[in-house]
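Please open the structure in the viewer and keep the sequence panel visible. The tour proceeds by selecting a few elements at a time.

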Amino acid sequence: GIPATVSTFLAKIDGEHILFDAGLGDFGGQLARHLGELGVNPDDIKLIYLTHLHMDHISGLVKKTDAGMERVFKNAAVYLSQVEHDAWMNDIEKNDMQKAILGVYADSLHLFAFGDSLPHKVLTIDAVGHTPGHTAFRYGEMLIIGDLMHGFALQINHPEINSNYDMDKAKSIESRKRILDYAKQNNLTMAGMHLPEPGFAK
């Protein structure tokens, strides 16, 4: 009964498109249609920044063909936290799809540490808990918070409440409280992949 979405965010910075997460794609998403409505060709997107590797955030990176999986974003470099990558590749058992999708982008995958500044001065922020390497991104006054909150109407006032999807409940609570305070102190607009439509909140 708590409103939510499955969202991705597209930014255009210095004339270059950056996609934050890729949604569900052929597995039930609307990303391709929405990009078309904006007049953006997938080949125009050169940078993709991933908050984490859950399927509703990475399935849109690929399309299903008779030959298997193919890249949707042929010219894109994909950025992912080193911690998230290593956890899914080595420690998490149900990871076949994650391995397959990252394999498709193996030649254009870039791993970062928390605190690194990515192209176009996008800052990476430790938001671990939902997944081992869950990442928030800041550009200017915008803060991409990924899956920091699944039920905004409840969690904005009760950050101690977790979603069933949060893999480390204690770390998720700590990250949620810390990042909500960070957003408030810096007067940032939050963009969340499961915030109610249109996906933004103060």
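What covers the buried residues of α3? The model is a predicted one, and the tour begins with this helix. Select residues 82–90, which form helix α3. Its buried residues are Glu84, His85, Ala87, Trp88 and Met89. The elements that cover them include β6 (77–81), α4 and β7 (109–112). Each of these three is visited in turn.

**First stop: the neighbouring helix**

Add residues 96–104, helix α4, to the selection. The axes of α3 and α4 are 9 Å apart, and the two helices pack at an angle of about 125°. That angle makes α3 oblique to α4. Their crossing is left-handed. To see where the two helices touch, display the side chains of His85, Trp88 and Met89 on α3, and those of Gln98, Lys99 and Leu102 on α4. This set of contact residues consists of three nonpolar, two polar and one charged. Three of the names are already familiar, for His85, Trp88 and Met89 also appear among the buried residues of α3.

A general point is useful when looking along any α-helix: there are 3.6 residues a turn, so residues three or four places apart point the same way.

**Second stop: the sheet beneath α3**

Now select β6 and β7. Helix α3 lies across both strands, and its direction is at about 85° to β6. The two strands pair in the parallel sense, over four bridges. One position to label is Val78, which stands opposite Leu109 in β7.

Extend the selection to the whole sheet. It is an open sheet of five strands, in the order β1-β2-β3-β6-β7, and its pairing is mixed. Which strands stand at the edges? They are β1 (9–13) and β7; each has a single partner strand, so one side of each is left without a neighbour in the sheet. From one strand to the next, the twist averages 25°.

In general, the strands of a sheet pair through backbone hydrogen bonds, either parallel or antiparallel.

**Third stop: a hairpin**

Select residues 62–65 and 68–71, which are strands β4 and β5. The strands run antiparallel and are joined by four bridges. They form a hairpin, with two residues between them. Within this hairpin, Lys64 has Met69 of β5 as its bridge partner.

**Fourth stop: the six-stranded sheet**

Next, display the open sheet whose six strands follow the order β8-β9-β10-β11-β12-β13, again with mixed pairing. Its edge strands are β8 (117–118) and β13, each of which pairs on one side only.

Three of its pairings may be followed strand by strand:

- β10 (residues 135–139) runs antiparallel to β11, with three bridges joining them; here Arg138 stands opposite Leu143 in β11.
- β11 (residues 142–146) pairs with β12 (residues 189–192) in the parallel sense over four bridges; Leu143 has Met190 of β12 as its bridge partner.
- β12 pairs with β13 (residues 200–201) in the antiparallel sense over two bridges; the partner of Met190 in β13 is Ala201.

Label Arg138 and Leu143, then Met190 and Ala201, to trace a path from β10 to β13.

**Last stop: the helix on this sheet**

Finally, add residues 169–185, helix α6, which packs on the sheet. Which strands does α6 touch? It touches β9 (122–126), β10, β11 and β12, and its direction makes about 145° with that of β9.

How values were computed:
Residues numbered from 1 in each chain as written. Predicted model: local features only at pLDDT ≥ 70, side-chain atom pairs only at ≥ 80, totals over all residues. Heavy atoms only, no water. Axes fitted to C-alpha atoms, helices over the stretch in contact; angles between N-to-C directions. Parallel < 35°, antiparallel > 145°, perpendicular 65-115°, else oblique. Left-handed = near helix turned anticlockwise from the far one by under 90°. Contact = heavy atoms within 4.5 Å. Nonpolar A, V, L, I, M, F, W, Y, C, P; charged D, E, K, R; others polar. Pairing = 2+ DSSP bridges. Buried < 20%, exposed > 50% of the residue type's maximum accessible area, 1.4 Å probe, protein only.
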